[in-house]
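Trainee: I should like to learn how to read the surroundings of a bound molecule. May we look at an example together?

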Amino acid sequence: ITEEPLSTDLITLTRHVLHDQLRLGAAATGDLTLLLTAIQVTSKFIATNVRRARLINLVGLAGETNVQGEEQKKLDVLSNDIMVNALRASGKTAVLVSEELDDAIIIEERNRGKYCVVFDPLDGSSNIDAGVNIGTIFGIYALRPGSSGSVEDVLRPGSEMVAAGYTMYGSSANLVLSTGSGVNGYTLDASLGEFILTHPDIKIPPRGKIYSFNEGNSMYFHPPVNAYLNSVKYPTTGSPYSARYIGSMVADVHRTMLYGGIFGYPDDKKSKSGKLRMLYEAFPMAFLTEQAGGIATTGTQRILDLVPKSIHERCSVFLGSRDDVQDLLKFYEADAQSK
Ligand code: P6P
């Protein structure tokens, strides 16, 4: 195997984000760069623990003792603690919302910064025992002018986020990030301890050949969803789409970002508001999808236009290739007209 010539111009995440900051000129104070560096460190730490988890029985339920007989924390609880501590210590945050915490954390004065971070520290963790890829998802709002930090600073449309990203923990750790001018993917080089730019300027193909839904919910799906799925399974022209569903949002979205197609977790007769959380699952993934040229919709509304009433509110999600999502929307429009 011919070794790739060693690159002597490694673009690390830190360097790339710094370059982004310099592009913004004086307006950028470097705070977002430092915040993203803190998030990057948490992803490295979680990646290490996910990898070790499969070795040292970290995946057990909270409250059990691990092989060393220590009181062990469930991996998602551990991941949450890692993120809360690192984000607080960064001095760049004012409000934190985590999937693991019932209430928002308002950072005390001495550590307070100007950003609000909403995150799912380890999404899909129910899959970890099976070795399925899982991930951290995060979105970042700037504090509203004059605010010293309250939950109202994150009960805002996803379109007001200044950055969003995820880190997928699998055979390698992939961090995918947008600060509002396109999407870039970085791969952790564990020997360097650096995320290296490996997927510059990710663009979702305008059309894919994959649909990604949990069809076990078909009997609950609203009519437009089943009508759309039938149209890609029994097409009048061309060949059927392939079904790919991992059941871990970060993995299903990552594949959709790179290969195209459509991912959906719609609201249905059983889950009236859908399953996925608006603030720290739907918004960040919708932000990334749009920045990569795709569409993210509830079926009737642009996801980023939604305004959450509470921090753990759920919403319907369809996202992916522009043409595929537009095909789905035609079935919603037809359904609306038939009423
Ligand atoms: P279902 C994982 O539990 C999760 O929150 C997302 O990562 C994933 O997309 C979804 O739920 C899977 O849900 O009902 O298909 O198992």
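Trainee: How many ångströms separate a polar side-chain atom of D123 from an oxygen atom of the ligand?

Mentor: Please note that this model is predicted. A pair of N or O atoms is read as a polar contact if the two lie within 3.5 Å. Here the distance from a polar side-chain atom of D123 to a ligand oxygen atom is 2.4 Å. For Y245, a side-chain N or O atom is 2.5 Å from an oxygen atom of the ligand, and for Y265 the corresponding value is 2.6 Å.

Trainee: How much of the ligand does the protein bury?

Mentor: The ligand taken alone exposes 400 Å², and 79% of that is buried by the protein.

Trainee: In which pocket does the ligand sit, and which residues are around the ligand?

Mentor: The ligand occupies the largest pocket. Around the ligand are D123, G124, N214, Y245, G247, S248, M249, Y265, K275, L276 and E281. This shell comprises four nonpolar, four polar and three charged residues.

Trainee: Which residues does the UniProt domain annotation cover?

Mentor: The unreviewed UniProt entry annotates residues 204-332 as "domain: Fructose-1-6-bisphosphatase class 1 C-terminal". Over residues 204-332, the chain is 36% helix and 12% strand, with 23 Å between the end C-alpha atoms.

How values were computed:
Residues numbered from 1 in each chain as written. Predicted model: local features only at pLDDT ≥ 70, side-chain atom pairs only at ≥ 80, totals over all residues. Heavy atoms only, no water. Near = heavy atom within 4 Å. Polar contact = N/O pair within 3.5 Å; in protein donor to acceptor, adjacent residues only side chain to side chain. Areas by Shrake-Rupley, 256 points an atom, 1.4 Å probe, with all protein chains shown as cover. 1 Å grid on protein atoms, 1.4 Å probe; cavity = no way out; pocket = protein on both sides within 12 Å on 5 of 7 lines; lining within 4 Å. Sits in = over half its atoms within 2 Å of the grid points. Nonpolar A, V, L, I, M, F, W, Y, C, P; charged D, E, K, R; others polar. UniProt positions renumbered as here; feature names shortened; annotations may be inferred. Helix = DSSP H or I, 4+ residues; strand = E, 2+ residues; numbered from the N terminus.
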